[in-house]
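Student: Hi! I have a fresh model open and could use some company while I look around. Can you walk me through it?

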Amino acid sequence: MRTVPGPTDRVVVVGAGLAGLATALRLRGAGREVTVVERGMHPGGRAGRIESHGYALDTGPSVFTAPEVLDDTFAAVGAKTADRLILTPLETSYRAQFADGSSLDVHAAPDAFAAEVARLCGPAEAEALRRYLADLAELYRLQLATFIDRNLDSPLDLLGPELVQLARRGGFGRLSTHVGKYFADDRLRRLFSFQALYAGVSPFRAIAAYAVIAQLDIGAGVWHPEGGIGAVPRALAAAAADAGVEFRYGASVTALPTSGRRVSGVQLADGEVLPADAVVVTSDAPWRLVPGVPAPRRPVWSPSCVALHVGVRDELPGQAHHTISFGASWQQVFDELTRDGRPMSDPSLLISMPSVTDRTLAPEGGQVVSVVAPTPNLDPRSGGNPTLDWATLGPRYREELLATLDARGWTGIADAIEVEHMDTPLTWAEQGMAAGTPFALAHTFGQTGPFRPSTLPRRGPENVVLAGSSVQPGVGVPMVLISGRLAAERITGPVAR
């Protein structure tokens, strides 16, 4: 594994999102002097938070999985998750609602989940479920150490028995075909393939290896951090500060001065230069900041989304913490998102109501609801559409979303809204996210594993390391936390898992 040459005693991390915080904790645990520079006034990055009228809205990720990755991150400085956060496992990971009016509760306990599937789809599908869950666990085992939790400098790094086993298990076929070999019921096929959108690709184009995404939430379960997902970066930042990491909030980075082949520091908007032996950059488009680091030649960006977050004065009884609401259309909507540059005509939605589990997030008699609707991004080369006028379209799309919710059983929300916030591809772009998507580079085959941008670029300054969604291993809360470990190891050298 390549590492940063020369001295690395003083490190500046640009960005206090999850990737930057994970990097800072690991570097501090390895004895480095660490300063984190963040343009916002609080830690979190995309894991944002809005508090108003007694409501606390998470404006970033809404699903939290793989708490063991968080445990490992805290442990870098001798801290424990249990001392910093209260994590509650959800008995029902998701409620799946289908266009035919049926529904299915996805339970973390396999027996309870199989009983639900037997009730809805029959005993044969329940047996298929058990086989498929075992397959997911094995796929994840094969991929974690070899493809995910590891810095990759070359495709040759993948050679080994795990690659052979993955190929034999059909890991390089199509995800939709792989899932279809197990399930006859179209509802289960959808349930176990929609996660491909988390990786930025259609399940009809994604390779079967991405089935492991379902292992993280359906196979291994979903958790809720008390105080919302925004509590996770706050806890990480507190642990880092207690360990001696310095934080500079409200400080924008304008340049990275160089001396020879190395960056000598980080220049802030007020002209101050923070000296550094190494710099970690966590932005979506690091080539905008790091001299000499090239932009991807033919990047394929993930679809974007409209995310509507509301605080409503309504108890909305009977709803689950997380609901996947499927429309009747399926392959057509993926073509609309990734090929035609059009919003979904019959949207499938992720609806989260964390105040069902955590009453600290809403006042008495109220609930917090977040709705995520995938939309095209702004890059025409990625199937997106830069001509969509989201400044005008946004308010109309909000009304359509609320009407869709009402039609699917979430009645009365529109008239009970007290607090709201909405992001569109336009607002994501204004926050500096490339192509107007919060999901970064898509996990196409050519942007996966060793083909995804490295945490240590081969071009550009030798002491600049990258972390975050757009580099290895990829998108999602567990992945960006792992990217922090991979970035830190580019400076410290490998650390035992």
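Tutor: Happy to! One bit of vocabulary before the pocket: Ala, Val, Leu, Ile, Met, Phe, Trp, Tyr, Cys and Pro count as nonpolar, Asp, Glu, Lys and Arg as charged, and the others, Gly among them, as polar. Keep in mind that this is a predicted model.

Student: OK, so how do the residues lining the second largest pocket divide?

Tutor: That lining has 15 nonpolar, five polar and seven charged residues.

Student: And what is the volume of that pocket?

Tutor: The second largest pocket comes to about 640 Å³. It is lined by 27 residues, and the closest to its centre are Pro 294, Pro 296, Arg 452, Pro 453 and Ser 454.

Student: Switching to the sheet. What is the strand order in the open sheet of five strands?

Tutor: Reading across, the order is β9-β2-β1-β15-β21, and the pairing is parallel. At the edges sit β9 (246–249) and β21 (464–466), each pairing on one side only. On average, neighbouring strands are turned by 20 degrees against each other, direction ignored.

Student: Which helices pack on it?

Tutor: Helix α1 (residues 18–29) is one of them, touching β1, β2 (33–38), β9 and β15. The direction of α1 makes about 165 degrees with that of β2. Helix α15 (residues 477–492) also packs on the sheet, with β1, β15 and β21 in contact, and its direction makes about 160 degrees with that of β21.

Student: How many bridges join β1 to β15?

Tutor: Four bridges join strand β1 (residues 10–14) to strand β15 (residues 278–281), and the two run parallel. If you want a spot to click on, Val 12 stands opposite Val 279 in β15.

Student: New topic: Val 212. Is that one buried or exposed?

Tutor: Val 212 is buried, because its relative accessible area is 6%, and the cut-off for buried is under 20%. Val 212 belongs to helix α9 (residues 212–219).

Student: What does Val 212 touch, leaving out residues up to four places away in sequence?

Tutor: Its contacts are Leu 136, Leu 139, Tyr 140 and Gln 143. As for Gly 171, which is 41 residues apart from Val 212 along the chain, the C-alpha atoms of the two are separated by 10.0 Å.

Student: Last one: where is Ser 193 found, and is Ser 193 buried or exposed?

Tutor: Ser 193 lies in the loop between α8 (186–191) and α9. With a relative accessible area of 4%, Ser 193 is buried. Not counting residues up to four places away in sequence, Ser 193 touches Leu 175, Val 179, Pro 203 and Trp 330.

Notes
Residues are numbered from 1 along each chain as its sequence is written. This is a predicted model: local features need pLDDT of at least 70, side-chain atom pairs count only at pLDDT 80 or more; totals for chains, interfaces and linings use all residues. Side-chain values use heavy atoms; hydrogens and water are left out. Buried means under 20% relative accessible area, exposed over 50%, partly exposed in between (1.4 Å probe, protein chains only). Contact means heavy atoms within 4.5 Å. Two strands pair if DSSP finds at least two bridges between them. Axes are lines fitted to C-alpha atoms, for helices over the stretch in contact, and angles run from 0 to 180 degrees between N-to-C directions. On a 1 Å grid over the protein atoms alone, a cavity is a set of points where a 1.4 Å probe fits but cannot get out, and a pocket is an open set with protein on both sides within 12 Å along at least five of seven lines; lining residues have an atom within 4 Å of a point. Grid points are joined across faces, edges and corners, and a volume is the space filled by probe spheres set on the points.
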